[in-house]
Every structure is written in C-alpha cells, then in structure tokens.
Amino acid sequence: MNQQSSPETILAVENISLSFGVMKVLDSISFDIRRGEIRSIIGPNGAGKSSMLNVINGFYHPQEGSITFKGETRKQMAPHVAANHGIARTFQNIALFKGMSTLDNIMTGRNLKMKTNLFWQALHIGPARVEELENREAAEKIIDFLGIQAIRKKPVGKLPYGLQKRVELGRALAAEPELLLLDEPMAGMNSEEKEDMCRFVLDVNSEFGTTIALIEHDMGVVMDLSDRVLVLDYGKQLADGVPDEVRNNQDVIDAYLGVPHEH
Amino acid sequence: MDQKEQDTNLDTFPKLLASHVKLRPTQDAIREKDLGIWQSWTWAEAAAEIRALACGLATLGLKRGDKLAIIGDNRPRLYWGMTAAQALGAVPVPLYQDAVADEMAYVLDNADVKIALVEDQEQVDKMLEVRDRCPNVEHVIFDDTRGLRHYEQEFLHDFETVQQAGVAYDHDHSDFYDREVATGKGSDVSIMLYTSGTTGNPKGVVLSNDNVIITARNGIIRENLTSKEEVLAYLPMAWVGDNLFSYAQSYVAGFCVSCPEDATTAASDLREIGPTYYFAPPRVYENMLTQVMIRMEDAAEIKRKLFNYFMEHARKVGVRILNREPVSLKDSLLYKLGDVLVYGPLKDVLGLRRTRLAYTAGEAIGPEIFDFYRSLGINIKQLYGQTECMVFICVQPDGEVYADTVGTPAIDVEIKIDDNGEIIYRSPGVFREYYKNPESTASTKTEDGWVHTGDAGFFDEHNGHLKIIDRAKDVGKLNDGTLFAPKYIENKLKFFSFVKEAVLFGDGRDYSTAFINIDLDAVGNWAERRNLAYSGYIDLANLEEVYQLIKDCVDKVNKDLSEDSRLANSQIRRFLILHKELDADDGELTRTRKVRRSFVGDRYDTLVESLYSDKTECHVETQVTFEDGRTGSLAADVQIRDAEVFKVNSVNQEAAA
Amino acid sequence: MLFFIEVTLSGMMAGVMYSLVALGFVLIFKASGIFNFAQGVMALFAALTLVGLMEKFNFPIWLAIIGTIVVMIALAWLIERIMLRHLVNQEPIILFMATLGLAYVLEGMGDILWGSDVKVLDLGIPQGASDWMLDSFDIYIEKLEIFAAVTAAIMVAFLAVFFQKTRIGRALRAVADDHQAALSVGISLHTIWVIVWSVAGIVALVAGIMWGSKSGVQFSLSLIALKALPVLILGGFTSVPGAIIGGLIIGVGEKIAEVYLGPFVGGAIENWFAYMLALAFLLFRPQGLFGEKIIERV
C-alpha cells in the first residue's frame, strides 16, 4: 500500500479556515498527503470533511491559509486548475451525467486528455477521430478494470446505486489523476459492494500508484485501507496519525468513536 | 468423403488442430471480446499460441501423464492451455471457477495437479490460500496480470513469460513439439472432469481421446454441424457440456468459438455473435422468456396487442411449421408476416435469430417455455447426458420433439432399463474410470462397459422415446407393485403456474396422495380477477374456488398419467392444499428450494394419515419460524379432496377401441 | 387532396423557421439553464450585420457570412464576459431578466450600427416557385422554402453528430447534466458558455438569413422569438429533436387551421393557434413531447 520509498509530499494544506457567513466550517486545518498513500479523513457529520475536499479541488475558496500542491503554493484552488494539475474526485451524492451512457461519462472524464480544437471536432475527422479512438481505448481499459462491461452503453441515471458509484470512480480514474479525492465511495452500499469498492481503491493505489484522499464512515474500511487518518470535529482538527494512533486517541474516542475499543 | 473415415487418424486434439491449420488456416478458431472489441485468432494463430504455451509448460516440467489444472471464465488462453497440455500428453483438469479455495484444494490434491493455469488475481489468491495443503502444485500461471504486479512468489508465472520461454525452447528444440504430438494416441487420457457430486466428494471422470472425439463426432454427424457454426462459450469450463460444445466439437468440426467479455455481458455478447448452435440449461431459457414478458408488459398498447396476436398464432401453428407438418396457406402466410413483425425482431433481441440448433438438458423444462421457443421457429431440443459418457445418451430427433421425453439413443449408444427401472447404457464415450476411486468405478460401470445412470425411466409406448421420471433411488412402489415416481408427478403439477410446490406420498401405500402449495401471486391474481376476497395465504388456500382450480390441475395430471400403463395406477387419489408455504427456514425445503419429502411427511403426519383415511377435513397445528427469527404456532383446518381417476389409456386399448 | 398537401408543405416550411429559432433556445437552455429571450433579436442582429457588411462595406457574400459568424462569436464571448460570468449561480428569473436586457441592447446596437429601415437580403438564394414540383406534382412551393428546409436538416444532422460523438459535444452535455461534476473533470464553464452562445448565434444567423430573404430584414423579425415559445412547450425545453418536430407541428397546424377553420371564425387563426396548442400541452403533457422526465434517485 504505502510506498515507503517516496515520502514526497504531494499536497499540503496550511492553516485553512473557511466560513460561510458566521458559520465557521473549517478552523485552521493543517495536514499533508504523501505521494502514493491512502489518506483518510474521518469525523462525525458536519465535521467539515466534504468541505475540506471542496477546498482542495477548488469548489470552496478558504478565507485563510494556503494549499501547496506538487510544490506550488496557492491561496486557493480553482476547479479547472485542480483538474488540470491532476486532481480528480467523486462526490458524496453521486454527481454523474445522468443522461449519458457509462462510456460517455468515462470519456468525459478524459476531457483534459483530449486536445484537438473545435475545428477538427466540428468536422469529426482527422486528428479528432484518431484522438477519439485512442481515448476510447483508455476508457475501455477502465471499464475492464472496474468490471462494468455490461453497462457500457446504458444511461447511468437508470443504474442501481452501487454501479453508479463505480461509474463515478471510473470517470475520476479516466483523468489519470495523481491525487484522487473520494467522498464516501462506499456510502449506502451493501457489504458485497463495499468489498468490491475496497478492492478497487486498493488496486487503484497499487496498480497506478495513485494517491488517494478518502472520506468514509465505515471505520473498519478506514482502518483497513488507510496509511494515515485525519480526524475532524466541528471544523477543528482533532487528531492525525496512523490508524492505530487514531484509534487509541482519547479525544477521538470521546468525540467520535464513542465506545473505546477493547484491548 | 465420409467424415468418419476421413478423420480416423486424427485421434488427439493437437492432431486435429494441426489438420485445421492445413485445411483452414485463415478461418477464425476462437474469439474473445476484450476492451469492447471482438479479437479473433485464426486456426494458424491459435496453433502458434498453443505451440509456444506447450513448450513453455514443458520448460516448467509438465510431462506425459501430469495434470494441468485450468481455472477461470471462458478465455481463449485457458482453452489453449487444454490443447497445450494434451500436446505434451499431460491431462487438463478444468475446475469450477467460482468454487471456494477449500473445494479447489480437494480437487487439486485428488487429481495430483502439477501446474495450475488460472485466469486472474482472484484465482491466484485462492491458489496461495491452499498452497500448504497442495504441495503437489509446483507452478501457477496466470492470464490477467491485473493486481498481480506486486506478487513476488517464485512459483507464480505470467502467461506471456511462459510462452516466451516456450518460444525460446522451441527454437532450440524445433522437433520437440511435433514429436510429442505424434506420440499421442486415441487411447491416452484426454481430460479429467470432476462431477459436482450431490453426496460426498467430487469424483474425477477420466475420459480418453477416443471417448471425447468419437462422441463429439457422432453428435456432429447426427445434427449435420459444419465448420461454419457459431458458438458462444459461456458455461463453466469445468462442465462436460462446455468441453463438448465449445472445445471438442469445435476441434472436430472446425467451427469458431466466441468467449464473452465477462460473465455479466453474456446476454449482449450472445446478441452480437448470433450463435447457430447453442446450449443452455432450462433456467436460462426461462429467464429470457421472463425478460421478454416483462418488457412486453411495459410496451406500448399497439406493440403489446401485435405481440399477443402473433404469439397466439405462433402457438397455434409455429411448432407444426417447425416440424414441417402441413398447415393451411392462410396460416402459413400469417406466420410469415408474424416473422417479419414479431418473431424475427424478438429472436434478434434474444440473440437466437441464426440459431439452427439449440439444446437444453439438466432438468425438466416447462412445456410452455419449450413450446414458446419452438413456436418462434427456434429448433430447441432436449438431450439426456452425463459426464461419464461425454454427454450424449439420448437426443430428440428433428421433427419428433416432445416436452416430456428426451428423445432416442444417440449414435452408437445402447440403452437398457433394468428391473428397478434404472436406465443403463453403453457407448464409445463411456469413461475409463473415476480417478483413484476403483470402488465408485465398480459400482457405476459393469465389467462389460454398461454404466448405471442412477436415473429411473422407460421408453414411451407411443413414440419409443426415453422418458426420465426420477432419480432411481427416489422411485418407490405402491403396494400393488406399480412404479411410484414422486418427483416426476410433482414436476407435472408444478408446471401449472398455480402450483408452487407439490409433495407426493405413496411409497409402500395403496395409492398416491399429494400436498399442494399454491402460488400466492398466481392464484392471488386469479382470485382478484374473479373478485374473490381473501386476507392471506391461509384464507386463499381454503377458498372453495381455489380448491376447484387445483383439482382441475390434479385431474389433468391424472389424465396424463393414465396415458401410460406403467404409471396409470399412481394417479393421485386424494390431495389437500397445505395451510402454509413450505419454507427453508422451517427445514421443509433445502436452501436450494428442493422439497425434503420425508421431513415434510413426518412433520405433517396427521395430514398424511388423513389422506389415507376417509376424512374430509383435518385440524393441524404447526410451529413456524417468522422472518425475524421468532417462532410461533399456526393452526388451521385443512380440507381434503378426492381427485378424478382415469382409466388406463395405453396404446393397445386405443388400437382396440 | 393536392391542395391539402400544398397547405401541409407550406406549413412545414414555415415550421422550419420556428424550429431554427427554437433550436437556439434549446441549446442555451440545455447548457446553462438560461431561457434566452434575446434569441429572436440575435437572429435579427445577425441578419442586420450580414446585410450591413454587404451594403456598407461591399463584402462579397461568402466574406460577409464569415464576417457575421466572427461577429456572432465575438458577441458570445462578450456576453459571457460581461453578463454570464457575473451571474453564476443566480436565480433563473434573474438570468432571464438579463437576457431581456440583452435583447434591448442588441436591438439598439443593431439600430445604431446598421439603421432601422427595412432591408432587402439577397444572397442569391433562388426565389419563386419550384418549377419541378409544379410540373411533376402540380404543387406550389417556393424554392426558398425548400432551400431553408434542406439547410436546416443539414445543420441538425451536423449538430447531432457534434453533440454525440465529440469531446466538446460531450462536454456540452456534461455541463447541461451536472455543473459540479463537469467542473471536477476540468471542463471550463466559461469556455462551454462561449461555445454554446456562439453556436446559438450561428443558428440565429441561419434563421435570420432565411426569414430575412423571405420578408426582408426588419425589426418584426425579432418577434418570431415569440412563436418559438409554443414550439418549445410542445417539444420540450431540452430536446433538440423536440424543437424540430415542435416547430413543424406548429407550422403545419396553424396553416391547416387557418385554411380549413379560418372561414368559420373569421380568419386570423394563424395568430393565436400556436398559443392555444401550447396551452393544451401545458395542461396535459407539461414536459413536452420529448422533454426529459427528470428521474431523481433518493
């Protein structure tokens, strides 16, 4: 899982504070993500986990603090800058292009990998066609990877929930991201689907070396998958460390895990 | 040229392969859908792949008589693994790919497997799990590298690496492969197939090249199959049927086999390939039909009306047209119109438009399902077979297809019915032995080659076709000596959509009786259409009208039974509708929803006794387990009815009348 | 019977014009959820620019057309820069009001730049009746109308391929489907808006040319936008084929109603028939013929 050989930091956020009006959503949060690791963010509902991801990929603009991604420090991200520099994500409440097929969703995920201009595109010949075929192959590899061949041509809006989550992961993977943000990829799944999704997360991490930031509620999953875990509580940073440290942290137990684990 | 003579010196699969390379080098041998596109290999290309693999396997130490396990979905590389092993004189042993590691461990150990060729990470993980228990497995070769990059065990090999080693070896020992192939002969062991075995451990059925190739060729001759057939390989490779239809017959006839992209895409791949020769177990045909019906329910009014109209017409004349019986010009024209408007498009959707020959086997198929496909003009036929003889025992001849028989003996097959009603047969396909299991071999196969099927049956008096009635051990006798085949009668009852389950009693009794479970949906629906009020299963089961409905079903079954002098006396005299649905949670059904007859008999012994008395009602109280796990008790007064019993109506009497 | 066919065909030809304008509406509505009230005025503005370039600068036809396309693209860019960019995430009604404003600005601009007199647009599109139709079938149809129908068909086929098969087409559909998700895969909303408004501008140009060639370029041209409204209600606001077929139905419907029912109610049915039909649709099938029933998963 953890590639010890390259402890390089891919992303660092420093003293990030975000408020909406009087409501403080994130309060001076600092943490880093190392290249190649699976980094989880946990915390009760309303802890600011999703907001943190939204800051990282530029949907939210924090009032204070800075974000350093691949060595470049910014006050805030913009979504297309984040995407351009290799950050892809999935959403808590599945945000797929519902009217489009699985294949088209994944092809759209390759948007940034396709460069031909409007002119060729409009004519649908020449370089645009070649590019279309190349990217189709890349998309097919993702379909194969996720085992969703059977729904290739189906409109995603009609798929069951678990499969939609999978397609959304596929769309994010299509961009060949360096950092993948997964916002509760296993929410609402049955245990079999969860197991599959865990497998995919681990495979993505080990096969493609993709760094993963994961928000998840299932503690079993988090403790199994993660290299390091960040705990948020009402916008504040409660703990940060490897799963065992976090599990035994008294603040975390009090605030979140509730019952102390038996040892 | 006579096909039989032409091929007699082609007595192994590698030799057959070589002959296709000569005869049709550029024709497709196998196809696989990968990354959304059909990839294909010609016979020449496939032969090159197999040669490289065989040499590679030799470098890993696979020798004559060694076993190569093959585990995974239908993939060209896994099929090549079979031929490659056979080229070296080694024996391929395909395993069921969805078996858990423990089950695999037994077979890997029992079969003395030396090398395992597996599909992907999932299977590799299982091999690693059982490695301690199967020290005989020296190497594991995997096809799909995904997820396996970081596996560093030395006994794991990538398929391509093995082939590369093979190419190098072939380069240095260029006569090795051809010499090995030439050494092989018809009497060598061709393959070992493990039967799932309902009781005890699975048994390895050892089949020689002659067993497999002669049987495959006889099947081809009987059905006039050619090298132009299209076949979809989608059933487990470990199952004898897949080995026959997608491997052996492809090598004998030279037709192309297509492997689906994934287990979940088989239906759409079927549509794209449009097989001309197709096998499916009854449940697949059932599912297809259900899908069609559901879709028609949702279709627009006009479309549905059109569908119903033409399907009604097909029911009337379709089967007769398929059997080449004469029909009126009007009916024939109307059927042609229906073919353009309904049957053709429907067959397209099913993927069966080009299907010349479709087989089904394994269990009884509902007559209405069977007739549905036949009325569309799809020549679906039942066959009766076993792993022990490379499938073919009986096949329905074209034009003589009846839902309740399995046809006439296949080419070169002799069949006898022994005194207990058990079917025994002898054929060139009869297996050599069960691997390392002389006891089972001796109890199944006689000295002079007759094999006990374990099935009870008889030849129909009207048409001479074989009829299977039950497992031989489940067949009993009434007190007057009449054959009592409970499952056969139960199945007849269950073909009525109103009957969900039926339990027959009669072994060692004077006459047959039955418990019936009504189908809550079907009967409920029927009752609603008649404005009959009911408040639940018990209530519905007790309605006079429902009893009448079920009595009609029972009467029809009795009428059917009366057609055959041997079974006529086992007509159902009395029956009752059970006050609760048989439930696996109460132990009345197995988890696979098969009725546990003796358990049910004991549990409701008061009811059984009442059936054999002259009571018309019986009070019963039962412990039941609710869905949430609580238990409670259920009390009801169950009514008992007499059914109509018909006179024996065999051929002889018909002739006399 | 022949007369009936003639009426139907001529209704269809008028319908094509409605379709073209409705198409512009649909494109913008799909991609940005904006009901662009200025679509009609854009058609007028494009036609005015074309005529202006030809008359005042003596551009040849092909150059004038290219020039107008450039102007329409520049206009799209300006609209995105000055208007849309600042109104992101506002209520639809506010965006609608903005397009209302845009309509007046464009009308004024056209007036100032090119003058307010009725202009003749002559692109050399053949005029008069089609002799071939007249000779072979005895049906009277204007050549211009056939030309318009063919052009519209080509354009729709072109748009369909563009939307289904290309990256930008997919990006357009993606934006129409889910803004956030589109952003997350690196689609820039700004670029997409410029593209959509440019395409709508070009569609407007085609509509402007057709309408202008038939009845001259004048300010009443902007009023065909009002006819597009019932077309949209019929066809659904988000459906390209809906816009086409809706336009044809309205065109044919009002012609037939005018000819066959007109005499009984004193004529002028053509003026209100479309709106009655739209009203009926609103009552019985509010999503239109092809509009998507939005399926929400909970």
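**View 1. Ser40(A) meets its partner across two paired strands of chain A.** In this predicted model, Ser40(A) has Val229(A) of β9(A) as its bridge partner. Zoom out a little and you'll see the two strands behind that match: β3 (residues 38-42) and β9 (residues 228-233) of chain A pair in the parallel sense, with four bridges between them.

**View 2. On to the hairpin of β9(A) and β10(A).** Stay with Val229(A) for a moment, since Gly241(A) in β10(A) stands opposite this residue. Here the strands run antiparallel, and five bridges join β9(A) to β10 (residues 236-241) of chain A. Now follow the chain round the turn: two residues sit between the strands, and Tyr234(A) takes a positive phi near 45° in this hairpin.

**View 3. Where chain A touches chain C.** Which two chains share the most contacts? Two pairs of chains touch, and the pair A and C has the most contacts of them. On one side there are 31 residues of chain A, and they are in contact with 23 residues of chain C. Looking for landmarks on the chain A side? The elements giving two or more residues to it are α2 (79-84), β6 (87-89), α3 (102-109), α4 (118-123) and α6 (161-174) of chain A. Sorted by class, that side of chain A has 17 nonpolar residues, ten polar ones and four charged ones. Chain B, for its part, does not touch chain C: the nearest C-alpha atoms of these two chains are 16 Å apart.

**View 4. A look at Ala160(C) in its helix.** You'll find Ala160(C) in helix α6 of chain C, which covers residues 143-165. Is this residue buried, exposed or partly exposed? Ala160(C) counts as partly exposed, because 13 C-beta neighbours lie inside 10 Å. Also worth picking out is Val240(C): along the chain, this residue and Ala160(C) are 80 residues apart, yet 8.4 Å separates their C-alpha atoms.

**View 5. An open sheet in chain B.** Five strands make up this sheet, in the order β12-β13-β14-β15-β16, and the pairing is mixed. Why do β12 (277-279) and β16 (408-409) of chain B each have one side without a neighbour in the sheet? Both stand at the edges with a single partner strand each, so one side of each is left free of a sheet neighbour. Take a closer look at the β16(B) end: β15 (residues 391-395) of chain B pairs with β16(B) in the antiparallel sense, over two bridges. In one matched pair, Cys394(B) has Pro409(B) of β16(B) as its bridge partner.

Note on methods. Residues numbered from 1 in each chain as written. Chains lettered and ligands numbered in written order. Predicted model: local features only at pLDDT ≥ 70, side-chain atom pairs only at ≥ 80, totals over all residues. Contact = placed C-beta atoms within 7 Å. Nonpolar A, V, L, I, M, F, W, Y, C, P; charged D, E, K, R; others polar. Buried ≥ 20, exposed ≤ 12 C-beta atoms within 10 Å, placed from the backbone. Pairing = 2+ DSSP bridges.
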